[in-house]
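Biologist: Please take a close look at one helix pair in this model. Start with the overall picture, then go to the contact itself.

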Amino acid sequence: MDFAGLTALELGRRFESGDADPRAVTEDFLARAAAADLAHRIYVRLLGPRARAEADAATARAKSGLRRHALDGVPLSWKDLFDTAGEATAAGSLPLKNRLPERDAEALARATRAGAVCLGKTTMTELAFSGLGINPNFGTPANAHDEHVERVPGGSSAGAGVSVARGLAAAAIGTDTGGSVRIPAAWNGLVGLKTTAGRLPLTGSVSLSPTFDTVGPLAKTVEDAAALLALLEGKQAHALQPFDLSRAVFWLPGGIAWSELDEGVATALEAAIRRLVHAGAKIVEHKLPELDEIDALAWAPGSSRLVAEAHAQWGEMLAANKEDIYPPVYDRVMAGAALTASGIVAADLKRAEIRARYLAATAGVDAVLQPAVAISPPPIAALEAGGEPYFRANRMALRNATIGNQLGLCAITLPAGYDKLGLPVGLMLQSHPFTEERLLGLALAIERSLH
């Protein structure tokens, strides 16, 4: 049986009916991951003993009719910034390679209590500070959709996206501070959900920016993403109902989010939007200047709260271990040394003012539509050395997704076709804070209309 081809919920249903066994499925995933990832570029490490013990318990519960959750027994991968008790959690950084947490991160603990199986820890951008996914020290997993050229996977949840796209996990859990769930999801043809800051617990995860960090799933389908959200909240998964697209109103804002798109990205998204219109959705095409304003603020020198928080937490460690740090990450973090309190506070006030105007302007629409990523994934070799090519590509990778983090929104990316090279393109929906259930219903309807 091809377990790798099943969605997370399909696996759960097979366990419920007795048509599959969690231990056998877990062994299958572990064996294929070990064989496919000899250089550990996708998984920093597989957690075989833990996964087998959890799978054995899930098998016993299934046989006794005592399954705890729709995803009980389902094997998941976890980004290597979620603490795992007694196992090194390094967040992709050599100075942290011997960091041994005493307990699981709260998100992992919740998933474990509900019966999910922890397969292992996936590779990531160092300290989660890049949208490309390149990490020469721990390994950069190649994008799953080009067998000829090794392309960036998207970051910072790089191994998370590739583990699911290559069938080495049923779904993955990552984090998103400026796009780190949505970028690898979009570039690997997956669904990626950015939750509202504060909705899911960050306790026990290695932080980049406490203000903007969020936890979120990377999955094969919208229904899987919804079930994973429930799992991480410690709740039961409920059947997701698709929104009626004939009643949906979407804002197509133009401006910064739709500028400088790769031709293949633009073509795929134009086709996807035509299909939404054909399904009855109303598209409002109007400028939304707050997007341009928040983008300018986020990238303005001297005012980045994200950079300031990264430097406050990691600047001293990076300065003491410069030779072990990937230079592009080192440069971005250490830029925080030049920031001032007045500059950060001024930016906070401006961000709050832009956010209030954005929320008021978009109150009458169901979601704002944007490309998840403006460009297709570039080759790893062209960027690994850093410098201007790296920073330019990183800026374009992060640009659209970061808007949602800066505005405190929830957002989701969906597969929406392919560019001329056959690389996936993601369509992103943004909606107001704490509206994930409605957003998921919209996304399910769009997913069905596009496939």
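Modeller: Overall size comes first. For 451 residues, a compact globule would have a radius of gyration near 22 Å; this protein has 21 Å, so the two agree. Keep in mind that the model is predicted. The C-alpha trace spans about 60 × 55 × 40 Å along its principal axes. Buried residues account for 62% of the 451. Contacts also reach far along the chain. Take those between residues at least 6 apart in sequence: 78% of them join residues at least 24 apart. The protein has 14 helices and eleven strands.

Now the pair. Two packed helices are described by the angle between their axes and the distance between the axes. Here the partners are H11, residues 327-334, and H13, residues 387-407. Their axes come within 11 Å and cross at roughly 70 degrees. Angles of 65 to 115 degrees count as roughly perpendicular, so H11 is roughly perpendicular to H13. The crossing of H11 and H13 is right-handed.

Next, the residues that touch. H11 contributes Pro-328, Asp-331 and Arg-332. H13 meets them with Tyr-390, Phe-391, Asn-394 and Leu-398. By class, this contact has four nonpolar, one polar and two charged residues. Pro-328 in H11 counts as nonpolar, as do Tyr-390, Phe-391 and Leu-398 in H13. Asn-394 in H13 is the polar residue. The charged residues are Asp-331 and Arg-332, both in H11.

Key
Residues numbered from 1 in each chain as written. Predicted model: local features only at pLDDT ≥ 70, side-chain atom pairs only at ≥ 80, totals over all residues. Heavy atoms only, no water. Axes fitted to C-alpha atoms, helices over the stretch in contact; angles between N-to-C directions. Helix = DSSP H or I, 4+ residues; strand = E, 2+ residues; numbered from the N terminus. Parallel < 35°, antiparallel > 145°, perpendicular 65-115°, else oblique. Left-handed = near helix turned anticlockwise from the far one by under 90°. Contact = heavy atoms within 4.5 Å. Rg over C-alpha atoms; globule rule 2.2 N^0.38 Å. Buried < 20%, exposed > 50% of the residue type's maximum accessible area, 1.4 Å probe, protein only.
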